[in-house]
Amino acid sequence: MDMTDFGYQQVPSDEKQKLVRNVFESVAKNYDIMNDVMSLGIHRLWKKIFVNELYPRPHAKLLDLAGGTGDISFQWLDRNGGPVLLTDINKAMLSVGRDRATNKGYFGGNIDFACINAEEIPLQDCSVDRVSIAFGLRNCTNKEKVLKEAYRVLRPGGRFCCLEFSKVQIPVFSKIYDEWSFKVLPQMGKFIAKDAESYRYLAESIRMFPDQETLLQMMNNAGMQNTKYQNLSGGIAAIHSGWRF
């Protein structure tokens, strides 16, 4: 039986998707609040830098994978990006994103929504100009498939960008970060979202995610070219990017 990580647990690969779905159904309504709490608001700056790396252009089409509540899609549109397909495997998260789009007035032809598994993207080859995934890749069961699918749907000249928590590069800061992640966050999750276990999983999933160099090699193996990464806040997060030529 194929096994994979679910936080620090090992679970059958075909069960992880359901377990992750349960986590995000639990936290969906409080997801944006908890992002602010988890990162002390710094995730907003990270996302601005990330969208800059996507190079928004009026005629460029963005596929936003694991787009959840819509932060990346909305910033893309705000910066004069072209049509965007906001996707997520979790209907509860996607529903929050759709409601936010309505409240912000984004409906009108430039944004569509779809419940999509990033490992099996139902789009034609070479059909989009940009693919983004922000804080979503670590929750996917088969990360290699996600990267290969992202490369497949990119047009020549298209770019893939991933924003994800990564390996802290400052040793003294690493201990403080661990205390924050495993002691403070679950308690905040219990208080704000009434769900400590889901936030314990989120902290564990970060530690199980490939480090910067490993993810870079995975992108190269998927066919991406001119790959690179940029550490944010000492490696708490990182932006990985690559092109299809």
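The following exchange asks how particular descriptions of this predicted model are justified.

Reader: What is the basis of the description, and how are residues numbered?

Author: The model is predicted, so local features need pLDDT of at least 70 and side-chain atom pairs count only at pLDDT 80 or more, while totals for chains, interfaces and linings use all residues. Residues are numbered from 1 along each chain as its sequence is written, and side-chain values use heavy atoms, with hydrogens and water left out.

Reader: How many helices and strands does the protein have, and what makes a segment count as one?

Author: There are nine helices and nine strands; both are DSSP runs numbered from the N terminus, a helix being H or I over at least four residues and a strand being E over at least two.

Reader: Why does the radius of gyration of the protein agree or disagree with that of a compact globule?

Author: The rule for a globule is 2.2 Å times the number of residues to the power 0.38, with the radius taken over C-alpha atoms. For 245 residues this gives a value near 18 Å, and because the protein has 17 Å, the two agree. The C-alpha trace spans about 45 × 40 × 40 Å along the principal axes.

Reader: What share of the contacts joins residues 24 or more positions apart?

Author: Contact means heavy atoms within 4.5 Å, and among contacts with a separation of 6 or more, 68% are between residues 24 or more positions apart.

Reader: Why is Lys143 called buried or exposed?

Author: Buried means under 20% relative accessible area, exposed means over 50%, and partly exposed lies in between, with a 1.4 Å probe and protein chains only. Lys143, in helix H6, has 9% relative accessibility and therefore counts as buried. Beyond four places in sequence, Lys143 touches Lys16, Leu137, Arg138, Phe209, Pro210 and Met218; the C-alpha atoms of Lys143 and Pro210 are 9.8 Å apart, although 67 residues separate them in sequence.

Reader: How do you know to which class Glu149 belongs?

Author: Glu149, which also has its place in helix H6 (residues 143-153), has a relative accessible area of 14% and is therefore buried. Leaving aside neighbours within four places in sequence, Glu149 is in contact with Ala118, Glu119, Glu120 and Ile121.

Reader: What makes Asp14 buried or exposed?

Author: Asp14 has its place in helix H1, and its 70% relative accessibility is why it counts as exposed. Asp14 and Asp2 are twelve residues apart in sequence, with a C-alpha to C-alpha distance of 8.1 Å.

Reader: Why does Asn110 fall into its accessibility class?

Author: Asn110, in the loop between H5 and S5, has a relative accessible area of 43% and so is partly exposed. Outside the four places on either side in sequence, Asn110 is in contact with Leu77, Gly82, Pro83 and Val84, whereas the C-alpha atoms of Asn110 and Asn221 are separated by 33 Å.

Reader: What makes a set of residues a nonpolar core, and which residues touch the most other members of the largest one?

Author: A nonpolar core is a set of buried Ala, Val, Leu, Ile, Met, Phe, Trp, Tyr and Cys residues joined through side-chain atoms within 4.5 Å. The largest has 47 residues, of which Phe24, Trp46, Phe50, Ile111 and Leu163 touch the most other members. Apart from it lies another core of 25 residues, including Leu63, Ile121, Tyr151 and Met219.

Reader: Which residues of helix H2 are buried, and what covers them?

Author: In H2 (residues 31-39) the buried residues are Tyr31, Met34, Asn35, Val37, Met38 and Ser39, and their cover includes helices H1 (13-27), H3 (42-53), H5 (91-104), H7 (171-193) and H8 (196-208). H2 is followed by Leu40, whose phi is positive, near 55°.

Reader: What makes the phi values of Tyr55 and Cys126 notable?

Author: Most residues other than glycine have a negative phi. Tyr55, in the loop between H3 and strand S3 (62-65), has a positive phi near 50°. Cys126, in the loop between strand S5 (111-115) and strand S6 (128-134), has a positive phi of about 55° although it is not a glycine. Tyr55 has 30% relative accessibility and so counts as partly exposed; Cys126 also has 30% and therefore counts as partly exposed.
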